[in-house]
Amino acid sequence: MNKRRIGDFYEDIACKFIYANGGSVLERNYRVRHGEIDIIARDEDYLCFIEVKYRNSDRFGPPEKAVNISKQRQICRISKLFLFSRFKSIDLPIRYDVIAISGVQNAVTVKWLKNAFEYIA
């Protein structure tokens, strides 16, 4: 499987996890020139910008540790563009989350880390 198909497979798992935990997915793979946000979802009153990270082992650390400051900054910039283009405002309760998936295809562990990081300008 190529990287895009692998990413789609684990993003499907993340979306199912969001639905199973009472959330709803608004958009997947929101792309702009500067990058992409894997999933944009609603969870209670929050609009959530979610990065999905998968690792088949913890050899290089848990998947959530791969969302470094540079990636966080990129997600924050893109989220601002999304808010202005769709809602014409940034006056909404928003949250930056990470869904960390580890293991192998038939035996994965999924963690939804809500409010994983704050907005970074």
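Which pattern does the protein follow when it is read along the sequence? Colour the model, which is a predicted one, by secondary structure and trace the chain from its beginning: the pattern that appears is α-β-β-β-α-β-β, and it is made of two helices and five strands.

**The whole protein**

Before selecting any single residue, keep the entire chain in view, where the C-alpha atoms fill a box of roughly 40 × 30 × 25 Å along the principal axes. For 121 residues, a compact globule would have a radius of gyration near 14 Å, and the protein agrees with this because its own value is 14 Å. Buried residues make up 43% of the 121 residues, and if you switch on the surface, you are looking at an accessible area of about 7,200 Å², of which 49% belongs to carbon and sulfur atoms. Of the contacts between residues at least 6 apart in sequence, 53% join residues that are at least 24 apart.

**The charged side chains**

Next, show the charged side chains, of which 21 are positive and 15 are negative, with the mean positions of the two groups 6 Å apart. Side chains of opposite charge can pair when their charged atoms come close. Counted with a limit of 4 Å between nitrogen and carboxyl oxygen, the salt bridges in this model come to 13, and three of the pairs make good stops.

Select R86 and E27 as the opening pair, and you will find a salt bridge whose closest N and O atoms are 2.6 Å apart. R86 lies in helix α2 (residues 69-86) while E27 lies in strand β1 (residues 24-32), so this pair ties together parts that are 59 residues apart in sequence. As for its surroundings, R86 is partly exposed, with a relative accessible area of 45%.

Now move to K114 and D43, whose side chains meet in a salt bridge at 3.0 Å from N to O. Here K114 belongs to strand β5 (residues 107-117) and D43 to strand β2 (residues 35-43), so the parts tied together are 71 residues apart in sequence. Are the two partners buried or exposed, or partly so? K114 is partly exposed, with a relative accessible area of 40%, whereas D43 counts as buried at 4% relative accessibility.

For the next pair, select K71 and E51, where the salt bridge spans 3.9 Å from N to O. This pair links distant parts of the chain, with K71 in helix α2 and E51 in strand β3 (residues 46-55), 20 residues apart. E51 counts as buried, since its relative accessibility is 3% and the cut-off for buried is under 20%.

To finish with the charges, select R4, D8, E11, D12, R28, R31 and E36 together, and you will see residues that are linked in a network of salt bridges.

**Two more stops on helix α2**

Return to helix α2 and pick out S70, which has its place there and is partly exposed, with a relative accessible area of 47%. If you draw a distance from its C-alpha atom to that of I120, which is 50 residues away along the chain, the viewer should show 9.5 Å.

The last residue to select is Q74, also found in helix α2. Which residues does Q74 touch, not counting those up to four places away in sequence? They are H34 and G35, and Q74 itself counts as buried at 19% relative accessibility, a value that falls under the 20% cut-off.

Note on methods:
Residues are numbered from 1 along each chain as its sequence is written. This is a predicted model: local features need pLDDT of at least 70, side-chain atom pairs count only at pLDDT 80 or more; totals for chains, interfaces and linings use all residues. Side-chain values use heavy atoms; hydrogens and water are left out. Helices (H or I, at least four residues) and strands (E, at least two) are DSSP runs, numbered from the N terminus. Buried means under 20% relative accessible area, exposed over 50%, partly exposed in between (1.4 Å probe, protein chains only). The radius of gyration is taken over C-alpha atoms; the globule rule is 2.2 Å times the number of residues to the power 0.38. Contact means heavy atoms within 4.5 Å. Accessible areas come from the Shrake-Rupley method with a 1.4 Å probe; for residues, only the protein chains shown count as cover. Lys and Arg count as positive and Asp and Glu as negative; His and the chain ends are not counted. The place of a charge is taken as NZ of Lys, CZ of Arg, CG of Asp or CD of Glu.
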